Amino acid sequence: MSDAVDAGSAYTWERSFRLWDTYFALIWVVTVAYVLAAQHPGWPVRAIASSLLVPLLPLYVAVGRRLIQGDPPDQRQTIGYLTAALALFLPSAVLAGETRLLTFALIPQCFMTLRLRSALVAVAVINLVPVVGWALLWRPDARDVVFNLLFCLVTLVFSVALGSWTIRIIEQSQERAELIAELDASRHEIGRLSEAHGALAERERLTREIHDTLAQGFTSLVMLVQAVEAELDHDVPEARRHLRLMDETARQNLAEARALVAGGAPADLDGASLPDALHRLAARHDATLEVTGPVRMLPAGPEVVALRACQEALANARKHAGSSVTVAVSLAYADDSLTVSVRDDGCGFDPAAVRGGYGLTGLRARTVEVGGTAEVRSAPGDGTAVTVRLPVVRRETP
């Protein structure tokens, strides 16, 4: 975007500078023609005045044009260029008053290349010296002198006013250009930070998804493998049941991995209701499920959070409380809320003493994202209860 703006600005400046070249050439040609066509002074003087103007054109093309395009122009080279130009212009203007028409091409260059104070001095010299020199050389009558002085003063005041205003406009434009550049840089920085924040949020989302699905599934597989190893010698039917659970868990993990890659709904909710998904999940963890309230379809957000919260709570119950404890899951539908709770009668723990870990932190983060609340109640020897309450759209009453 900034490259396009720079290209457009360069194109606009190039067009305006070609217009300035045309303007300078036109003023130069008209001035030379005006001097040659004048009746006074005599032809030799007018020829000398015209010949002094001839080098101004190649001087402008070779030096002045490059200085005007400078940003900013080199002041030492500018003073040298204008000194050379005035050395040609002032004698010609003293010899032939018609030469003063060229001031309309020289004065703008002063304001375009010099600092304001230096430009004002140069403009005063360009306006006053030709008139004073012309009056001293040719001794015209008082009426012509007064007329030329008045014209000189009007031109000087107009040049100073217009030039000062132009320089202030240029300075404001430069300030605005700097502000635009800063805003453009800020916009790019904001875009970069937004992209980085989006990437971080996506990494956090993937971390939660992997923790709540694949990591828990692999943990269940490890626990089932340990159970099978302990049961093979004395309880083959139970070992076979655990092997079936291992197969089901592995297949479920594969489905969750595919859903995670595809960005779709969780495998348990694919084509099934939330109670059905929780029923299968509870069965895999040897837990009971109780559903209360009018069951209905809800937006995907609350259902996914409820499922993931249940997965996390069940995995923690089996991991920390052991496979022998009783675990109960309850799902309650209300008009404006959905509540899922997982309770176990295990050894419990002190929630204030928990440090580190990602499970409960991720569970709370998920819940907060949809405007819900997550509560963990536990005490040593008193079991654990994880309750998640989620807001849902209120049912319309007929």
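Two exercises with worked solutions follow, both on a predicted model.

**Exercise 1.** Determine which helices supply the largest nonpolar core, and which residues touch the most other members of this core.

*Solution.* Begin with the membership: the largest nonpolar core has 33 residues, and those touching the most other members are Leu56, Tyr60, Phe89, Leu102, Cys110 and Ile126. Next, assign the core to helices: α1 (2-37), α3 (56-69), α4 (75-95), α5 (103-113), α6 (116-138) and α7 (142-231) each supply at least two residues, and the greatest contribution comes from α4, with eight residues. Then take Leu102 as an example; when its neighbours within four places in sequence are set aside, Leu102 is in contact with Ile27, Trp28, Thr31, Leu53, Leu56 and Phe89. Finally, note that another core, of 31 residues, lies apart from this one and includes Leu274, Leu278, Ala287 and Val327.

**Exercise 2.** Describe how helix α2 (residues 43-53) and α4 are placed relative to each other, and work out which classes of residue form their contact.

*Solution.* Start from the geometry: the axes of α2 and α4 come within 8 Å and cross at roughly 160°. Angles over 145 degrees count as roughly antiparallel, and the two helices, α2 and α4, are therefore roughly antiparallel to each other. As for handedness, α2 passes α4 in a left-handed crossing. The residues come next: α2 makes the contact through Val45, Ile48, Ala49, Leu52 and Leu53, while α4 does so through Leu88, Pro91, Ser92 and Leu95. Sorted by class, the contact of α2 with α4 comprises eight nonpolar residues, one polar residue and no charged residues.

Note on methods
Residues numbered from 1 in each chain as written. Predicted model: local features only at pLDDT ≥ 70, side-chain atom pairs only at ≥ 80, totals over all residues. Heavy atoms only, no water. Core = buried A, V, L, I, M, F, W, Y, C linked by side-chain atoms within 4.5 Å. Buried < 20%, exposed > 50% of the residue type's maximum accessible area, 1.4 Å probe, protein only. Helix = DSSP H or I, 4+ residues; strand = E, 2+ residues; numbered from the N terminus. Contact = heavy atoms within 4.5 Å. Axes fitted to C-alpha atoms, helices over the stretch in contact; angles between N-to-C directions. Parallel < 35°, antiparallel > 145°, perpendicular 65-115°, else oblique. Left-handed = near helix turned anticlockwise from the far one by under 90°. Nonpolar A, V, L, I, M, F, W, Y, C, P; charged D, E, K, R; others polar.
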